[in-house]
Amino acid sequence: MEILRNVVFYLHLIGFALLLGGSVAQYLSGKLRINAAMLGGAVIQVVTGLILAAPFGLDPGEKLNHGKLAVKLVVALMILAMTFFSRKREKVNRGHFLAIIGLVLVNAGVAVFW
Ligand code: HEM
């Protein structure tokens, strides 16, 4: 069970890399559209995050922080909606695009500092 948790956690970090890396690289290209790495990363984060929110493979005495997980889920669903529903647009607003990057950074911050 611990191995399985580690595998899902590993995928969670890859999803984070795809989401943030995909967003920043796309932003720097100057063409503000949703790419496959962003969309895939957003899906991976919600799926792997929900699995990690289940209490399996934890160290003895280790507890999950449900308040933190609820905030992360809401933010991750916002990111997913903002990428999924704009995925076919040739160009999205700069504010929309920067909000996606900002929300990814917020969720990583919540994961690490809360
Ligand atoms: C954009 C979305 C997300 C980002 C950027 C993100 C980022 C991260 C990062 C950087 C970590 C490692 C740091 C740490 O262990 O505290 C982490 C761990 C974790 N995340 Fe997320 N996360 C996202 C979505 C979610 C969602 C939706 C959930 C569940 C509702 C979730 C649940 C967890 C859990 C339970 C861990 C701890 C893993 C463990 O130690 O077993 N995450 N996340």
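These legends walk through a few views of a predicted model of a protein chain with its ligand.

**View 1. The whole chain is built from helices.** Count the secondary structure and you get four helices and zero strands. Following the sequence from start to end, the pattern reads α-α-α-α. The radius of gyration is 15 Å, close to the 13 Å that the globule rule gives for 114 residues, so the chain is as compact as a globular protein of that length. Along the principal axes, the C-alpha atoms take up a box of roughly 50 × 25 × 20 Å.

**View 2. Contacts and burial across the chain.** Take the contacts with a separation of 6 or more: 74% of them join residues 24 or more positions apart. As for burial, 17% of the 114 residues count as buried.

**View 3. Around the ligand.** Here the ligand sits with 21 residues around it, and the closest are Q45, G49, L52, A76 and A111. Four elements each give two or more residues to this shell: α1 (2–29), α2 (36–52), α3 (66–84) and α4 (94–113). Sort the shell by residue type and you find 15 nonpolar residues, four polar ones and two charged ones.

**View 4. The largest nonpolar core.** Ten residues make up this core: L18, L19, I34, M38, A42, A76, I79, F97, I100 and V104. Helices α1, α2, α3 and α4 each supply two or more of them. The largest share, three residues, belongs to α4. As a general backdrop, nonpolar side chains in soluble globular proteins tend to be buried together. One name to look out for is A76, which is listed in this core and is also among the residues closest to the ligand.

**View 5. Zooming in on M38.** M38 is one of the ten core residues. Leaving aside residues up to four places away in sequence, M38 touches L19, G22, S23, Q26 and T83. Of these partners, L19 is itself listed in the core.

**View 6. A look at I14.** You'll find I14 in helix α1. Is I14 buried or exposed? The answer falls in between: I14 has 15 C-beta neighbours inside 10 Å, so it counts as partly exposed. For a sense of distance, pick out G109 as well: I14 and G109 are 95 residues apart along the chain, and their C-alpha atoms are separated by 16 Å.

Methods: Residues are numbered from 1 along each chain as its sequence is written. This is a predicted model: local features need pLDDT of at least 70, side-chain atom pairs count only at pLDDT 80 or more; totals for chains, interfaces and linings use all residues. A residue is near a molecule or strand if its C-beta atom, placed from the backbone, lies within 6 Å of it. Ala, Val, Leu, Ile, Met, Phe, Trp, Tyr, Cys and Pro count as nonpolar, Asp, Glu, Lys and Arg as charged, and the others, Gly among them, as polar. A nonpolar core is a set of buried Ala, Val, Leu, Ile, Met, Phe, Trp, Tyr and Cys residues joined through C-beta atoms within 7 Å. A residue is buried if 20 or more other C-beta atoms lie within 10 Å of its own, exposed if 12 or fewer, and partly exposed in between; C-beta atoms are placed from the backbone. Two residues are in contact if their C-beta atoms, placed from the backbone, lie within 7 Å. The radius of gyration is taken over C-alpha atoms; the globule rule is 2.2 Å times the number of residues to the power 0.38.
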